[in-house]
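Here are some notes to read beside the model. Keep the structure open and find each element as it comes up.

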Amino acid sequence: MSLSENLQGMLVELEEAAGIAIVGMDGIIVEEKKRDSQMDLQMLGAEFSGLFKSAGKLSESVEYGEVSELMSSTDRSIVILRRVTAEYFLMLIIRHDGNLGKARFVLRRALPLLKTEL
């Protein structure tokens, strides 16, 4: 299964998802799927890649280990960042009232498939 097919499957499975993307640590999106064509995943990927790198440096500096997941919650949405490889992470945006546990489970389950594609 291709990256595109994997992301589309996750988007279908998570009805509350607004968008999902594979993002390089440089902030460039490799593949994306979204429900709203106006959503700027490119900008989100660029901004959140910096946050992911900063969190990683902080975690290493206090010897807590490698960051595998970050979440940002606002009154409108939840953004989940999940490391796939050292060079890529998965970014999922769901509605603020979405099922966070299911979203995290779907991401965790998809990791082995995504790793083989990257």
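1. Start at one pair of strands. Strand 3 and strand 4 (residues 77-83) are joined by 5 bridges, and the two run antiparallel. Remember that this is a predicted model. For one bridge to find on screen, take Ser73: its partner in strand 4 is Ile78.

2. Now widen the view to the sheet. It is open and has 5 strands, in the order 2-1-5-4-3, with antiparallel pairing. Which are the edge strands? They are strand 2 and strand 3 (69-73), and each of them pairs on one side only. From one strand to the next, the twist averages 10°.

3. Next, look at how two helices lie across strands. Helix 1 crosses strand 1, strand 2 and strand 5, and runs at about 35° to strand 2. Helix 3 lies across strand 1, strand 3, strand 4 and strand 5. Its angle to strand 4 is about 30°.

4. Which residues of helix 1 (residues 3-13) are buried? They are Leu3, Asn6, Leu7, Met10 and Leu11. Look down the axis of helix 1: these buried residues fall within an arc of 135°, so they line one face of the helix. The spacing rule helps here. An α-helix has 3.6 residues a turn, so residues three or four places apart point the same way.

5. Finally, ask what covers those buried residues of helix 1. The cover includes strand 1 (17-24), strand 2 (29-34) and strand 5 (88-95). Helix 3 (100-117) is also part of the cover. Check each of these on screen.

Conventions
Residues are numbered from 1 along each chain as its sequence is written. This is a predicted model: local features need pLDDT of at least 70, side-chain atom pairs count only at pLDDT 80 or more; totals for chains, interfaces and linings use all residues. Side-chain values use heavy atoms; hydrogens and water are left out. Buried means under 20% relative accessible area, exposed over 50%, partly exposed in between (1.4 Å probe, protein chains only). Helices (H or I, at least four residues) and strands (E, at least two) are DSSP runs, numbered from the N terminus. The arc is that of the directions from the helix axis to the C-beta atoms. Contact means heavy atoms within 4.5 Å. Two strands pair if DSSP finds at least two bridges between them. Axes are lines fitted to C-alpha atoms, for helices over the stretch in contact, and angles run from 0 to 180 degrees between N-to-C directions.
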